[in-house]
Structure formats: C-alpha cells, structure tokens
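Student: I would like to go through how two chains meet in this model. Please take me through it step by step.

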Amino acid sequence: MRVTDTWYLVVGALLFTIGAAGVMLRRNVVVILMCIELMLNAANLSFVTFARRLDDVTGQVAVFFVLVVAAAEVAVGLAIIVAIFRQRRAGATADDISLLRG
Amino acid sequence: MVELALFAVAGVVTLGGAVGVVLSRNPVHAALHLVAVLVAVAVFFVVQDAPLLAAVQVIVYASAVVVLFLFVIMLLGVDRAETLEEPLRLQRPVALAVAVGLAIEVVLLGGHTWTTGASGRQGTLSGGDPAVLAENLFTRYLWPFEVLAVLLVVAVVGGVALARRSGERLGTDDVEGPGGAPAKEPGAGTATAGEAGT
C-alpha cells in the first residue's frame, strides 16, 4: 500500500479539528494556547504536503513564516497570561478575560 | 513500505498526542503531549522532503516554545491537576458540534480544486534541498522575511511591556491600568498611580 498525499492532508485536517475543539473545550488559558499551536502545526503539515505534491518550494517557505509568527504569538500570548495571573491570582480561566477592559 | 510504517507510527503519535493535549487535566502533561505531537510532525516533514524544516521544528518548537510553555506553567504555579468540569451547560455539546462541522468544512474545502488546484512555480522544490529553500528565502521572499524580523522585535518588546510589573522602574504602565483589581494588589499605590497615568 502506497502512502499518498491525501493521507497526510487527512492527518492535518484531523489535527486542526482536534486543536479547534481543544480551544473551545478547555478553560485553562495556557492549554488553549497549546491547542492553537496544534492548529498551526496542522497548517504547516498541509503546507509541506502541498509543497511536495505541487513540487513548489513556496510551501516550505510559508512554513518558515508560520513558525516565526507562531513564536511571536507564543511570546505575546504568554506575556498576556502572566499579566492576567498577576492580577487575578491563582486559578484564572478563560472566563477571567471575557472583558477587554479586564 | 518504510514510508507506510513511518506514516502509521507518526500518525498515531500525532493524533494521540493531540487528544492528550486536549484531555490532560494537568497543564504539564498537556505540554509533554505537545512535544510528542511536534516531534511526530517533524517526522512527517522528514518523510516529505523537508529536512531543514524538520530540524527547525524540533529546535524552535519542540525545544524553545515548549520550554517557554513549561516555564510559564511553573512560574504561575498551575502545575497541578484541575477539574475538567464545565460551568456553562451547553458549551460542551455546542463545541463538539462546531468541531465536527469544522472537520467537514476542512475536508470539503480541501477536496476541491478551486482551493487546492492552483500551482505557482512547479519544479522548484528540487527534492527538498535546503540550499534551494534558503536561496528562495533570501531572494524572492526577502521582503516578507524582513517584515517578519520587525514582527519578532515588536513581539519581544510587547512581551516585555506586558509582563513587566507595573510602575516598577520606568514609571507609567498600561497593564494594570483602569478596571484592574488594585484592591487585591499588595502594591495598590503603584496600581493607582498607573491608573492616574493613563
């Protein structure tokens, strides 16, 4: 049995869905951020798959850019989380950031 | 045959690890599951002619980003099991329904040629040679690359500005400004000073 590109795309789609479900299901902000990382990785997997299928290096360049944006997102997101926990003390969940004004 | 075995192992680790991230009660366990997912995705990269991206994935993601996650978890002291109870009554079923709908949507969109059939510059991958990737990154995509450098600097500065304790050294601060909980803060005076500053 030969592994086709579609298999990788299916794994990417499932990974994206699991990440999206985690963002909606979990209440811990740190875990929500990890689920966003899952979704970004699913996108990266699809990019690499299409880069090979279409024999186009642009897909792999795009993965580089996604990696950098993900790193920036983690830095800012974790800084926001630290700031929230400093205000609300322990046990802060996503509900504590339901207002933009805090 | 080798590719099939690699695909099976990496696929099981990827999806199992992803479910583990979502269902772990302890955030530390979720972070460790995330490492498994990231390494398995790196295996996918190796199989699919992207060795450089696999290395970057392991170095940047599986090490740096996850260590950052663990560092923040330990710093905040949330490294203990938490209840997975959901106070909102309809949140769970609605979230699962939306997730299933999203999966169907992804498959439908991905299966259509009007979203995936377009091809840019065919024949430029050359077997995943890192030199070709680097050449494209520094010639054709130099401008986005430089913009990303600016983005990283902005993100670092923003992270420092957000995480800095208010009024510690540099005077006014925007984190614990209006609407914060100054009463709970030990340094209530500095919080109100920040409020006055904004």
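Student: At roughly what angle do the axes of helix 2 of chain A and helix 2 of chain B cross?
Tutor: This is a predicted model, in which local features need pLDDT of at least 70, side-chain atom pairs count only at pLDDT 80 or more, and totals for chains, interfaces and linings use all residues. Residues are numbered from 1 along each chain as its sequence is written, with chains lettered from A and ligands numbered from 1 in the order written. Helices are DSSP runs of H or I with at least four residues, strands are E runs of at least two, and both are numbered from the N terminus. Axes are lines fitted to C-alpha atoms, for helices over the stretch in contact, with angles from 0 to 180 degrees between N-to-C directions; those of helix 2 of chain A (residues 29–53) and helix 2 of chain B (residues 27–47) come within 11 Å and cross at roughly 5°.

Student: Is that pair roughly parallel or roughly antiparallel?
Tutor: Angles under 35 degrees count as roughly parallel, over 145 as roughly antiparallel, 65 to 115 as roughly perpendicular and the rest as oblique. The crossing is at roughly 5°, so helix 2 of chain A and helix 2 of chain B are roughly parallel.

Student: Which residues of chain B does A:Met34 touch?
Tutor: Two residues are in contact if their C-beta atoms, placed from the backbone, lie within 7 Å. Leaving out residues up to four places away in sequence, A:Met34 touches B:Val21, B:Ala30, B:Ala31, B:Leu34 and B:Phe69.

Student: Which element gives the most to the largest nonpolar core?
Tutor: A nonpolar core is a set of buried Ala, Val, Leu, Ile, Met, Phe, Trp, Tyr and Cys residues joined through C-beta atoms within 7 Å; buried means 20 or more other C-beta atoms within 10 Å of a residue's own, exposed 12 or fewer, and partly exposed in between. The core has 70 residues, of which A:Val30, A:Met34, A:Leu38 and B:Val21 touch the most other members. With 14 residues, the top contributor is helix 2 of chain A.

Student: How many residues does chain B put into the contact with chain A?
Tutor: Chain A gives 62 residues. Among the helices of chain B that each supply at least two residues are helix 1 (2–23) and helix 7 (142–163). The number from chain B is 74.

Student: How far apart are the end C-alpha atoms of helix 2 of chain B?
Tutor: The expected span is 1.5 Å times one less than the number of residues. For the 21 residues of helix 2 of chain B that predicts 30 Å, and the distance in the model agrees, at 30 Å.
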